[in-house]
Amino acid sequence: MDRIMTNRPDRCFQRYQSEFEEAALRVLRSGRYILGEELERFEEAFAEWLGVRFCVGVGNGLDALTLACRACGIGEGDEVIVPANTFIASALAVSAAGAVPVFADVDEYYLLDPDKLESRITERTRAVMAVHLYGQTCRLDRILAICRKHGLKLLEDCAQSHGAAYRGRISGTVGEAGCFSFYPTKNLGAFGDAGAVVTDDEELYEHLKKLRNYGSSRRYYHEEQGVNSRLDELQAALLAVRLSHMKELTAERIACAEAYNEGIRNEAIEKPRLCPGAEHVYHQYVVRTKERDRLIAHLKLRGIDTLIHYPVPCHLQGAYASLGYERGALPQAELYADTVLSIPIYNGISKKEQQRVIEALNEF
Ligand SMILES: *Cc1c(COP(=O)(O)O)cnc(C)c1O
C-alpha cells in the first residue's frame with residue numbers, strides 16, 4: 001500500500017504541467033530574470049484576486065513580514081503582539097525588524113484570541129500581528145476594533161490563508177499590510193521560495209518596493225538600508241499559472257476537509273472548529289487528541305504520515321528563552337502544542353486516500 005504523505009506538491013505540477021512548462025520556458029528564453037514583466041503581471045493579478053490596490057513580491061514569507069514591519073515604522077523599542085501558536089517566522093519577523101514580540105494566547109479555533117489581546121498591550125505596543133493559521137481567518141472585526149481603539153497597526157500573516165475570509169472580508173486586505181508566503185506547500189505555492197506583501201496604502205507600497213531592492217528607487221542611489229528580497233521572474237510566472245487555478249484548488253481542499261468532517265467519528269479525536277462567519281481554506285486539517293503519540297504510531301503503521309503544527313509554542317522556543325516566559329504562561333497554546341496533529345490534506349489527494357485516512361482515524 002502506498003504511503004500517504006503530508007504533502008505532494010508534485011501532484012499540482014502534474015495537473016497543470018504543460019502550462020507550468022510553457023511559463024518556465026518563456027522566462028528562460030526571455031533573458032530577463034529579476035524585476036521584469038512577469039513579476040509586474042503576477043503582482044497585478046494577485047492584488048486583483050484579493051481586491052487590494054498594491055502587491056510587492058519579495059523573496060519569502062519571512063521577508064514579507066519583516067519588511068512590512070519595517071515599512072510600518074516598527075523598530076527598536078517597539079512591541080508587537082503575536083499569537084503563541086504560530087510558525088516561528090511570525091515572531092522572528094518582529095525581531096528582525098528590531099522590535100520585541102509579545103506573545104498572546106489563542107482561542108478555541110487555534111487563533112489569536114480577541115479576549116486575551118488587550119491585556120498584552122503596553123505603552124510600547126505598536127502593532128498586532130494576526131496570523132490566520134491553518135487557513136482560517138482570525139476574528140478580524142474584533143481585533144481591528146481593538147487596534148483602532150489603542151492606535152495600533154494591524155499586520156496580517158496570511159502565509160496559510162490565501163483566499164480565506166471572515167464575514168466577507170478577505171484575509172490580507174483588512175490590516176495595514178497582508179503578508180504572504182508562497183513556499184511550495186502553501187495553498188498558493190511556488191517552486192522555490194517566494195512571498196509578497198499587499199496593501200491599499202500607496203506610501204507603504206512605495207516604501208516596500210524600495211526596501212526589497214537595497215533601499216533604492218533609483219539605480220545606485222540608496223536612501224535607506226534595504227535588503228535584497230525580490231520575487232524572481234521564474235517564480236512569478238509559475239505563480240501566475242497556479243493563481244489562475246486557485247478557485248478549483250481551494251474548492252478541492254475544502255471538499256477534502258468536508259469529507260473529513262463528515263467521515264471522522266471517534267470520541268478520542270477532536271475535529272477542528274469552524275468559527276461562525278469564517279471561510280476556511282484548509283491549509284492544514286488539525287485534529288486534537290490526548291493520546292497523540294499513540295495516534296501517530298497507529299497512522300504510521302497504516303502508511304499515513306502526520307505532522308505537528310507546532311510542537312513548541314513560540315514563547316517556549318529556545319530562540320525566545322531570553323524573554324523569560326515560563327510554562328503555564330499561555331495555557332491554551334501550550335495545550336495545543338501537546339495535543340494537535342495535522343493529517344494529510346493537499347491538492348491532488350485522492351478520494352481513496354481520504355477514505356483511508358478516515359478509516360484509519362475511526363479505527364483508532
Ligand atoms: C510558512 C510561514 C511563514 C514563512 O514563510 P516562508 O516563505 O517559509 O519564509 C510565516 N508564517 C507562517 C504562519 C507560515 O506558515
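Here a trainee and a mentor talk through a predicted model, one question at a time.

Trainee: Let's start with the sheet. What is the order of its strands?

Mentor: It's an open sheet of 7 strands with mixed pairing. The edge strands are β1 (54–58) and β3 (100–104), and each of them pairs on one side only. Reading across from β1, the order is β1-β9-β8-β5-β4-β2-β3.

Trainee: Which residue in β4 is the bridge partner of E79?

Mentor: Look at strand β2 (residues 79–83) alongside strand β4 (residues 125–131). The two pair in the parallel sense over 3 bridges. The bridge partner of E79 in β4 is T125.

Trainee: Which strands does helix α6 touch?

Mentor: Helix α6 covers residues 140–150 and packs on the sheet. Its direction makes about 145° with that of β5. The strands that α6 touches are β4 and β5.

Trainee: Now helix α4. Why can we say it is largely enclosed by the rest of the structure?

Mentor: A residue counts as buried when its relative accessible area is under 20%. Among the buried residues of α4 are G61, L65 and C69. Helix α4 (residues 61–71) is largely enclosed because the buried residues number 8 of the 11.

Trainee: Which residue caps the N-terminal end of α4?

Mentor: Find the backbone nitrogen of L62. A side-chain oxygen lies 3.1 Å from that nitrogen, and the residue it belongs to is the cap: N60.

Trainee: There's a ligand too. How much of its accessible area does the protein cover?

Mentor: The ligand is surrounded by 14 residues, and G61, D157, Q160, S181 and K186 are the closest. An oxygen atom of the ligand is 2.9 Å from a polar backbone atom of L62, and an oxygen atom of the ligand is 2.7 Å from an N or O atom in the side chain of S181. On its own the ligand has 380 Å² of accessible area, and the share covered by the protein is 91%.

Trainee: Last one: I34. Is it buried, partly exposed or exposed?

Mentor: I34 sits in the loop between α2 (17–30) and α3 (37–50). Leaving out residues up to four places away in sequence, I34 touches R230, D232 and E233. I34 and R230 are 196 residues apart in sequence, yet their C-alpha atoms are 7.4 Å apart in space. The relative accessible area of I34 is 37%, so I34 is partly exposed.

Note on methods. Residues are numbered from 1 along each chain as its sequence is written. This is a predicted model: local features need pLDDT of at least 70, side-chain atom pairs count only at pLDDT 80 or more; totals for chains, interfaces and linings use all residues. Side-chain values use heavy atoms; hydrogens and water are left out. Helices (H or I, at least four residues) and strands (E, at least two) are DSSP runs, numbered from the N terminus. Buried means under 20% relative accessible area, exposed over 50%, partly exposed in between (1.4 Å probe, protein chains only). Contact means heavy atoms within 4.5 Å. A polar contact is a pair of N or O atoms within 3.5 Å; within protein, one must be able to donate a hydrogen and the other to accept it, and residues adjacent in sequence count only if both atoms are side-chain atoms. Two strands pair if DSSP finds at least two bridges between them. Axes are lines fitted to C-alpha atoms, for helices over the stretch in contact, and angles run from 0 to 180 degrees between N-to-C directions. A residue is near a molecule or strand if one of its heavy atoms lies within 4 Å of it. Accessible areas come from the Shrake-Rupley method with a 1.4 Å probe; for residues, only the protein chains shown count as cover.
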